[in-house]
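This report looks at how a protein encloses its ligand and at what lines a further pocket. Please keep the sequence and the model in view while reading.

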Amino acid sequence: MFGSGRFSGLRVLKEGLTGNKGWTPHWRDPEPKSEYDVIIVGGGGHGLATAYYLAQEFGLKNIAVLEKGYLGGGNVGRNTTIVRANYGLEGNSQFYSHSLKLWEQMEQDLNYNAMMSQRGIINLFHNDGQRDASIRRANAIVNQGDDAEIIYRDDLKKLLPYLNFDNNRFPIMGGLMHWRGGTARHDAVAWGYARAADQLGVDLIQNCEVTGIDVEGGKVTGVQTSRGPIKAKKIGLAAAGRSSQVAAMAGLTLPLESHVLQAFVTEGLKPIIDHVVTFAEGHLYISQSDKGGLVFGSYIDYYSSYAARGNLPMVEHTMETLVAMVPSVAKARLLRSWGGIMDMSFDGSPIIDKAPVEGLYLNCGWNYGGFKATPASGHTFAHLVALDRPHAAAEKMRLDRFRTGRGIMDEEGTGAQHNLH
Ligand SMILES: Cc1cc2nc3c(=O)[nH]c(=O)nc-3n(C[C@H](O)[C@H](O)[C@H](O)COP(=O)(O)OP(=O)(O)OC[C@H]3O[C@@H](n4cnc5c(N)ncnc54)[C@H](O)[C@@H]3O)c2cc1C
């Protein structure tokens with residue numbers, strides 16, 4: 001039996017004492033059927049979460065997730081694992097608030113240890129303008145019902161003594177702390193949703209690339225794949241960095257550009273960084289993994305690409321920023337770096353909406369922030385696919401905002417050209 005039984009401390013003890021012979025693969029490896037009620041394209045965090053909620057909350061039975069590689073091999077396994085609900089704009093604010101609440105119950109719901117660690121995330125500010133913006137955002141976060149605390153320099157020095165407070169260009173004045181934010185083990189999130197979806201009967205089909213979307217009379221009828229054609233009544237696209245390419249198979253041009261984002265990890269070090277810290281001036285974000293590696297990243301590379309590797313100028317920028325903020329890590333050795341393909345939207349916010357083709361649904365535009373969205377993205381997308389109407393928490397994530405200009409959700413104040421910021 002696959003993914004059998006529940007995980008528990010007792011079971012770990014029993015398996016440990018009996019040679020660990022009772023563990024089974026987390027999910028089946030089924031052959032694709034000729035037809036499904038719902039096909040989800042993309043076995044990343046969002047696709048797997050969508051399939052889980054479709055089965056678990058909306059009671060759908062005949063569902064497949066089609067993944068061109070292996071489950072969790074995309075951005076869900078490449079990100080810097082930051083989870084938070086500290087957005088300021090209406091639309092994003094309620095969506096990420098919904099998401100954090102789902103994160104907080106996810107491990108119980110999925111019976112899976114996702115190593116959710118609410119260690120607090122702090123966004124540093126360096127000048128009066130940033131301080132005022134942080135206070136405004138803190139008020140918005142608190143009004144949404146989430147937590148935010150402004151911590152000024154003297155108290156911050158006690159909390160984060162390793163920071164360079166007196167950097168000549170960017171002295172640190174304080175920070176906006178969001179205590180319920182933190183990190184989660186990214187792969188485990190994909191595995192947890194996959195295992196739970198499989199247990200509910202969802203077919204998870206790996207090595208199955210969608211190569212075409214069949215449309216007849218303005219309505220989807222199925223997909224062409226590297227493992228043959230499969231019919232479907234409804235198709236949900238959750239292909240993250242490849243969203244534009246997959247949507248083009250149905251004749252759509254999405255308001256997205258694909259860019260590379262890199263991440264880095266050092267050798268394992270003794271505990272130094274207890275929280276997630278972000279350094280606004282360099283767009284740096286850093287945390288320390290349970291193994292001791294410092295995990296960090298900064299901007300996207302500034303050109304469109306589908307190559308999941310980065311360029312050296314951004315490596316140099318990221319290292320400079322890191323050392324400016326935490327000089328003591330200059331001697332740490334870098335262990336590895338990697339890249340992922342970001343589906344950058346023009347206002348920095350996602351799209352969860354019906355496509356202008358009947359039976360086709362879009363989940364994309366996650367930019368570099370879609371990991372924290374995983375549970376809410378899956379939950380609200382499943383709601384849309386199952387009921388054909390948006391979930392209240394995602395009703396502003398409309399595709400037509402880019403055509404009408406109304407409802408643009410520009411969180412960073414970078415204008416409608418977020419990809420160029
Ligand atoms: C370096 C880096 C750091 C990041 N840091 C953070 C962070 O700290 N916090 C945060 O919130 N977000 C972060 N993100 C963003 C986040 O990882 C993504 O927004 C999110 O993972 C995207 O959703 P997903 O998990 O479903 O994507 P993916 O895991 O990429 O899933 C999409 C899947 O679709 C599959 N696919 C594509 N085309 C096809 C096809 N034709 N047929 C079948 N399958 C197909 C892909 O193989 C892939 O597995 C980061 C991303 C990167 C790369």
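The text below takes the ligand shell and then the second largest pocket. The coordinates are those of a predicted model, and every value is computed from them.

**The ligand and its shell**

The ligand is surrounded by 37 residues, and among these E67, N75, V76, T80 and K372 are the closest. By class, the shell around the ligand consists of 16 nonpolar, 15 polar and 6 charged residues. At least three of the shell residues come from domain 1 (27-81 + 186-255 + 347-404), and at least three come from domain 2 (118-180 + 257-345). In terms of secondary structure, α2 (45-56), β12 (256-266) and β17 (334-345) each contribute at least two residues to the shell around the ligand, with β12 giving the largest share, 3 residues.

Polar backbone atoms of the protein approach the ligand at the following distances.

| Residue (backbone atom) | Ligand atom | Distance |
|---|---|---|
| G45 (N or O) | oxygen | 3.0 Å |
| H46 (polar) | oxygen | 3.0 Å |
| K68 (N or O) | nitrogen | 3.1 Å |

Alongside these contacts, the ligand taken alone exposes 1000 Å², of which the protein buries 96%.

**The second largest pocket**

The second largest pocket has a volume of about 590 Å³, and its lining is made up of 26 residues, with R185, H186, S289, K291 and V295 lying nearest its centre. This lining divides into 6 nonpolar, 12 polar and 8 charged residues. The elements α6 (186-199), β12, β14 (284-288) and β17 each supply at least two residues of the lining, and the largest share, 3 residues, comes from β17.

Which domains contribute at least three residues each to the lining of the second largest pocket? The lining draws on domain 1 (27-81 + 186-255 + 347-404) and on domain 2 (118-180 + 257-345), with at least three residues from each.

Read together, the two descriptions share some elements: β12 and β17 each supply at least two residues to the shell around the ligand, and β12 and β17 each do so for the lining of the second largest pocket.

Definitions and conventions:
Residues numbered from 1 in each chain as written. Predicted model: local features only at pLDDT ≥ 70, side-chain atom pairs only at ≥ 80, totals over all residues. Heavy atoms only, no water. Near = heavy atom within 4 Å. Polar contact = N/O pair within 3.5 Å; in protein donor to acceptor, adjacent residues only side chain to side chain. Areas by Shrake-Rupley, 256 points an atom, 1.4 Å probe, with all protein chains shown as cover. Helix = DSSP H or I, 4+ residues; strand = E, 2+ residues; numbered from the N terminus. Nonpolar A, V, L, I, M, F, W, Y, C, P; charged D, E, K, R; others polar. Domains from an automatic or database assignment. 1 Å grid on protein atoms, 1.4 Å probe; cavity = no way out; pocket = protein on both sides within 12 Å on 5 of 7 lines; lining within 4 Å. Points joined across faces, edges and corners; volume = space filled by probe spheres on them.
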